[in-house]
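Here are my notes on the model, set out as numbered points. Please read them with the structure open.

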Amino acid sequence: MDGATEVCRSAGIAISGGHSLELPTPLFGLAATGTVHPKKIWTNSGAQPGDVLFLTKALGTGVATNARKSQLPHHEVLFRAAVDSMRTLNKGAADAIRPFSVHAATDVTGFGIGAHALEMARGSSVGIQLFVDSLPLLPGAEAILRAHEGRAVLNASHTNLSFCGDAVTASDRAQTGDLRPRVTLTFDPQTSGGLLIAVPATEASQVETALIAHGAIAAKVGVVFESGEAHVSLCVSGETPAAAKNAVTIPYARVRSHADATSAPVAPAAASAAPSGHGGKVLLFTRPHMGDDGPLGRKLVRGLLGLMAAAENVALPATIFVANTGIELTTGDDEFILKALAKLVERGVDVVTCVTCTQDLHTCEPKVGRLGTAAESLRLILGDAPYVTLA
């Protein structure tokens, strides 16, 4: 709190009032309010074809914090750089560009630069081309992703990609080889990220000089182009937007069985596909108990999963989906349940934990099975497979 007070003071902000929440994880945040002259507002909806895009901070704070949380090897340098970046205000960058013709601007935060660029494209009715080889990255972010791809990617990265859908595409060169981690970082959620700014090409050189003079990064990361529909093309410098014709893919969070914490990443199965010998059903658990939250309700769930895991010559479900407080089944400490679910995974059952629920309830990643994105959850619910709610 002392740190927040110091930063607010340096930004000319007064702290007034407060509110407390009871949560298992300590949280602290600030809600900022203020006033601005109506003729001096920068929006994310005025980018024009031919504009040059600048980014004023390096990307990778999401990967950095996840690497620290997971204690991945060699995360220290990356995490220190992330903290330094997060502690840096955008005031210097904002002051630098104020004299120029800023057509559009947005801060890059939880959506990642890919989704924020798409919002700018939609608000401006244009296409945006991002050059992944020009994106500024925190030192060590690429190396961490190459070495621990499935363990370093945040669940929120998949949520950001799902939000974009097919409105963001990538070229072959951008999505293969050494540049692959940069595409992943395009959807990395940022904390205290930099500004994404669209300025006329005629002023780009002056803007670059001003940003550097104010101590900000002045990375030219893309251009704005005419497009019949709002779109973001992830390319390599020198390519045209038309080169970005492929759907974007990023690695899924590491899948872990309870017995083996080093399982390889596994992409999600299609909602309608049932493994051989399975009944094709989708079982939904929205609570860790059946009926009342008491010894009997929890005993029923334990017994059901245990019997299912041990059953022979029985059509198992294709998918077990846990959501809401039901995520306790895959993230909790009940050894019996974890072993039963791990056995079901070994037998081909897709155990999926709602990624949104883990974020909102501030829990860890699942100890069994994998995380499922919001889009995949919707496909499971609306798919052809019979859907059974058990708790």
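1. In this predicted model, strand E5 is covered on both faces. Leu195, Ile197 and Val199 lie on one side and Leu196 and Ala198 on the other, and all are buried. In a regular strand the side chains alternate between the two faces of the sheet. Five of the five residues of E5 (residues 195–199) are buried, so the strand is largely enclosed by the rest of the structure.

2. Which strands pair with E5? E1 is joined to E5 by four bridges, and the two run antiparallel; Phe54 stands opposite Ile197 in E5. E2 is likewise joined to E5 by four bridges in the antiparallel sense, with Leu196 in E5 as the bridge partner of Thr106.

3. The sheet as a whole is open and has eight strands, in the order E2-E5-E1-E6-E3-E7-E4-E8, with mixed pairing. Its edge strands are E2 (104–107) and E8 (246–247), each of which pairs on one side only. An example of parallel pairing is E3 (residues 127–131) with E7 (residues 231–235), over five bridges. There, Ile128 has Val232 in E7 as its bridge partner.

4. Helix H5 is mostly covered, with ten of its 13 residues buried. Among them are Gly112, Ile113, Gly114, Ala115, His116, Ala117 and Leu118, and also Met120, Ala121 and Ser124. The length of the helix (residues 112–124) raises no concern: at 1.5 Å a residue it should span 18 Å, and its end C-alpha atoms are 18 Å apart, which agrees. Just after H5, Ser125 takes a positive phi of about 55°.

5. Is Thr330 buried or exposed? Thr330, in helix H12 (residues 328–331), has a relative accessible area of 0%, so it counts as buried. Leaving aside residues up to four places away in sequence, Thr330 touches Val322, Leu338, Leu341, Val351, Thr353, Pro366, Lys367 and Val368.

6. Turning to the surface, Met1, Ile15, Phe28 and Leu30 make a nonpolar patch of about 470 Å². Ile15 sits in the loop between helix H1 (2–10) and strand E1 (52–55). With a relative accessible area of 44%, Ile15 is partly exposed; the cut-off for exposed is over 50%, so Ile15 does not reach that class. Ile15 does pass the over 30% required of patch residues.

Methods. Residues are numbered from 1 along each chain as its sequence is written. This is a predicted model: local features need pLDDT of at least 70, side-chain atom pairs count only at pLDDT 80 or more; totals for chains, interfaces and linings use all residues. Side-chain values use heavy atoms; hydrogens and water are left out. Patches are made of residues with over 30% relative accessible area and no salt bridge: like charges are joined within 9 Å, nonpolar side chains (Val, Leu, Ile, Met, Phe, Trp, Tyr) within 5 Å. Accessible areas come from the Shrake-Rupley method with a 1.4 Å probe; for residues, only the protein chains shown count as cover. A salt bridge is a side-chain nitrogen of Lys or Arg within 4 Å of a carboxyl oxygen of Asp or Glu. Buried means under 20% relative accessible area, exposed over 50%, partly exposed in between (1.4 Å probe, protein chains only). The expected span of a helix is 1.5 Å times one less than its number of residues. Two strands pair if DSSP finds at least two bridges between them. Contact means heavy atoms within 4.5 Å.
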